[in-house]
Amino acid sequence: MDCLFCKIVSGDIPATVVKKTDSITAFKDITPQAPTHVLIIPNKHFENMAEVANADADLAGQIFKVAGEIAHELGLKSYRTNANTGLEAGQSVFHAHLHLLGGRSFAWPPG
Ligand code: 5GP
Ligand code: ZN
């Protein structure tokens, strides 16, 4: 299968990996939307986070746990996790991933 994130897991495409376990890889987003922008993905291919949750609820939980660990390691008290599911929601890579964003305010209205 020709999947960008599977190639990042295998190391065929380089990425700045911040955490790797037997089941999960976390790496910096190539186009960061915030000072911290990390993508947390299952090493196994699933199309989106809902598929992960359906197939393996423990793995879905681990992805959120790793997001919290990375945020903690980076000293982020507040952070946003986001999973886009489907083209119209803005999903552009169809290998499940959780965005971890931090280091700026996402509060609305601002201020
Ligand atoms: P989506 O739009 O599917 O929710 O998120 C996909 C994310 O993958 C985007 O934020 C995009 O910047 C990131 N991305 C796309 N191609 C690459 C790449 O080759 N390397 C890295 N590190 N991130 C990528
Ligand atoms: Zn994949």
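Ligand 1 is surrounded by 16 residues, of which Asp29, Asn84, Gly90, Ser92 and His99 come nearest. The model is predicted. By class, the shell around ligand 1 holds seven nonpolar, seven polar and two charged residues.

Backbone atoms of three residues make polar contacts with the ligand. A backbone N or O atom of Ser92 lies 2.7 Å from an oxygen atom of ligand 1. For Gly90, a polar backbone atom is 2.9 Å from a ligand oxygen. For Val93, the distance from a backbone N or O atom to an oxygen atom of ligand 1 is 3.0 Å. Taken alone, ligand 1 exposes 510 Å². The protein buries 83% of that area.

Ligand 1 takes up the space of the largest pocket. Two elements, α1 (4-10) and β2 (24-28), give two or more residues to the shell around the ligand. Helix α1 gives the most to this shell, with three residues.

The largest pocket holds about 370 Å³ of space. Its lining comprises 22 residues. Phe5, Asp29, Ile30, Thr31 and Leu39 lie nearest the pocket centre. Asp29 is thus named twice: among the residues that come nearest to ligand 1, and among those nearest the centre of the largest pocket. At least two lining residues come from each of α1, β2 and β3 (36-42). The largest share, three residues, belongs to α1. Helix α1 therefore leads in the lining of the largest pocket, as in the shell around ligand 1. By class, the lining of the largest pocket has ten nonpolar, ten polar and two charged residues.

The second largest pocket has a volume of about 170 Å³. Residues lining this pocket include Val18, Lys19, Lys28, Pro32, Pro35 and Thr36. Also in the lining are His37, Val38, Ile70, Glu73 and Leu74. Asp29 is another lining residue of the second largest pocket, and Asp29 also lies among the residues nearest the centre of the largest pocket.

Three elements, β1 (17-20), β3 and α3 (57-73), each supply at least two residues of the lining of the second largest pocket. Strand β3 provides the largest share, with three residues. Strand β3 also supplies at least two lining residues of the largest pocket. By class, the lining of the second largest pocket divides into six nonpolar, two polar and four charged residues.

Notes: Residues are numbered from 1 along each chain as its sequence is written. Chains are lettered from A and ligands numbered from 1 in the order in which they are written. This is a predicted model: local features need pLDDT of at least 70, side-chain atom pairs count only at pLDDT 80 or more; totals for chains, interfaces and linings use all residues. Side-chain values use heavy atoms; hydrogens and water are left out. A residue is near a molecule or strand if one of its heavy atoms lies within 4 Å of it. A polar contact is a pair of N or O atoms within 3.5 Å; within protein, one must be able to donate a hydrogen and the other to accept it, and residues adjacent in sequence count only if both atoms are side-chain atoms. Accessible areas come from the Shrake-Rupley method with a 1.4 Å probe; for residues, only the protein chains shown count as cover. On a 1 Å grid over the protein atoms alone, a cavity is a set of points where a 1.4 Å probe fits but cannot get out, and a pocket is an open set with protein on both sides within 12 Å along at least five of seven lines; lining residues have an atom within 4 Å of a point. A molecule sits in a cavity or pocket if more than half of its atoms lie within 2 Å of its grid points. Helices (H or I, at least four residues) and strands (E, at least two) are DSSP runs, numbered from the N terminus. Ala, Val, Leu, Ile, Met, Phe, Trp, Tyr, Cys and Pro count as nonpolar, Asp, Glu, Lys and Arg as charged, and the others, Gly among them, as polar. Grid points are joined across faces, edges and corners, and a volume is the space filled by probe spheres set on the points.
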